[in-house]
Amino acid sequence: MIIGLMIALCVVVGAGLFGILDSRATDVFLEATRPDFQKIPIGVFGFQNGGGPEWLGGRIEEVLKADLQRSLVFSLVDLPAIGVKAREVSTTDKAIFKQAAENGVSVLVWGKSGQKNGSKESELLMDGFVYDSGSDEVVGGKRYVGSTSVVRLMAHRFADELVFRYTGEPGIARTKIVYVAEHGNARELFVMDYDGYEPKQITADGFLNLMPRWSPDRRFIVFTAYRSRNTQDIDILELATGKRWTLVSMAGLNITPALSPDGNFLAFASSQDGNSEIYKLDTRTKTPQRLTVNQGGDLSPTWSPTGREIAFTSDRGGAPQLFVMSADGSNVRRLTYEGDYNAAPAWSPRGNWIAYVCRTAQRLYKICILSPDGQKRVQVTTGPGIDDSPSWSPDGRHITFSSTVDGKSHIYMVDTDGKGLERITFGGTHNSSPSWSPAL
C-alpha cells in the first residue's frame, strides 16, 4: 500500500508536500481574521534620502508598502489621489496630519534615511515615524542602523513594528520560507525571505533533500535526506552554524517529518515494518513510538497548535484521505469524505483550519482548507496546474504552496480567501515543498 500512496501523493517528481507551524496568536488575532474585519487605512509618505545611495529612500518605501499590503491589517491609501501631497514631513506638521485624518486616513508613516554620520559609506540609518489620527499625535519613532545589505530588513522590521502596534501580534515581514529547488541533477534546500528575496542554499549533497520543516524556534530545519536511492534518513540542520546530524535512520522510507509546537517530539512516517506508519520520536531521549497500526499507508503528520492532536494522510479506505488522532495515537477519526484524493495536511497556527491538497471534480489538484471538525470546507485555489504542499504563515492569513500553473513548479502565496495570489520564486526549473517559518 505504501508504494501506491507515495505515487498518489508525489504528483510532481521529488515533491515533498507537507507542513506545520508554531503559534503565538492573541485575542486580537481572532478579531483581525473575522470576515468583516475592517482594515486600517494607512498612508505612506516617502523616505527622505539624507546622503545615502540614490535608490535608498525609494527602496525602503517600496518594501514597506508591500509588507503593509500583505499584512492584511492595513489598507494602503493613495495620498496624492485624495489631495494629500507627498512631501517632506516633520513630527510637528499638524496641517497635513489634519488633512489626512479628514480624508479617512487613520495612520500616517514617513521617515528619513541616509549615511550614518562619521561612518563608513556602507553604514546607513533609517528613521521611521508614525502618526495616529485617533490620538492626534506622533505615537512612534524608530531608528534602524545597518549596512546596505540589510536595507530590506530595516523596512521589514518597521512593518512588523506597525503590525504589532495595531494588532498585538508579530508581523510576518521578517519570516522566512524554506523550500526545495532543483540544483543541477540534485534537489537541495534553500531559504528565502517571505517575499521571495535573497534565496540562500543551505544543503549541497548532490542528491535529494526533501520535505523541509522548521523548528518552533526557527533555529533548525528537519528534512528527509536521500543518502542513496534506497536509504532515506531524517536529518536536522542548524541554520546558524550549518551543523547537521541524523535524527531518524530506520530501515526503509523515513519521510514527512514535523516537529511538535514545543519542539520535544518529531512526528514522521516510516516503512521500517514494510508499511508506512506514523511514528513519534522524543527528541530528548531519542525514543521512538509507533502511533498507527493498520494495513493502509499513513504519512504526512501535522501537529495541532496545542500539540495534543496530529492530522495525517492515510489510504486505509482505499484512497488518500485526512484523519486526525490524539498525539498518543488514540481516538483516530476520519476528517474528509468529499472527493477521492485529500492529502498533505497542514494545521493552521490558530487551529481553526487544516490546509491540504484536494482533487476537484475536474481532476485538478488544488489547495483546500477544512475545519478540524470536518464540517466546513473551502477551496482556496482555482485555475490550471497542480497546486501542492500547503504551509501556513504564522499569522494564519496566508498559505504558501507550490504550483505548476506557469508550466514549471514555483512557490506562491495566497490569502486564505483565495485573493492576493503572488508568485515568489522566479529562478530555476523546479521549486517546491515550501515551509513557512514561525514569526520572530
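This passage goes through a four-stranded sheet, a disulfide, some aromatic pairs and two charge-over-ring contacts. The model is predicted, so local features need pLDDT of at least 70 and side-chain atom pairs count only at pLDDT 80 or more, while totals for chains, interfaces and linings use all residues. Residues are numbered from 1 along each chain as its sequence is written, and side-chain values use heavy atoms, with hydrogens and water left out.

To start with the sheet, four strands line up in the order S13-S14-S15-S16, open and antiparallel. Strands here are DSSP runs of E with at least two residues, helices are runs of H or I with at least four, and both are numbered from the N terminus; two strands pair if DSSP finds at least two bridges between them. S13 (254–259) and S16 (288–290) sit at the edges, each pairing on one side only. From one strand to the next, the twist averages 25 degrees (axes are lines fitted to C-alpha atoms, for helices over the stretch in contact, with angles from 0 to 180 degrees between N-to-C directions). S15 (residues 277–282) and S16 share three antiparallel bridges, and Leu-281 has Pro-288 in S16 as its bridge partner.

Next comes the disulfide, defined as a pair of cysteine sulfur atoms within 2.5 Å. The count is one: Cys-358 is joined to Cys-368, S to S 2.1 Å. Because Cys-358 lies in strand S22 (residues 354–359) and Cys-368 in strand S23 (residues 365–370), the pair ties together parts that are ten residues apart in sequence. The torsion about the S-S bond is about 65 degrees, so the disulfide is right-handed. Cys-358 is buried at 0% relative accessible area, and Cys-368 is buried at 0% too (buried means under 20%, exposed over 50%, partly exposed in between, with a 1.4 Å probe and protein chains only).

As for the aromatics, the whole structure holds twelve pairs. Rings of Phe, Tyr and Trp (its six-membered ring) pair if their centres lie within 6.5 Å; planes under 30 degrees apart are stacked, over 60 edge-to-face, and the rest tilted. Phe-97 and Tyr-131 are stacked, 4.1 Å centre to centre with 15 degrees between the planes. This pair links helix H4 (residues 94–102) to strand S4 (residues 123–132), 34 residues apart. Phe-97 is buried at 1%, as is Tyr-131 at 3%. Phe-97, Trp-110, Phe-129 and Tyr-131 make up one aromatic cluster.

Finally, Arg-152 lies over the face of Tyr-197, 3.5 Å from the ring centre, and Lys-280 over that of Phe-265, at 4.9 Å (the rule wants NZ of Lys or CZ of Arg within 6 Å of the ring centre and within 35 degrees of the ring normal).
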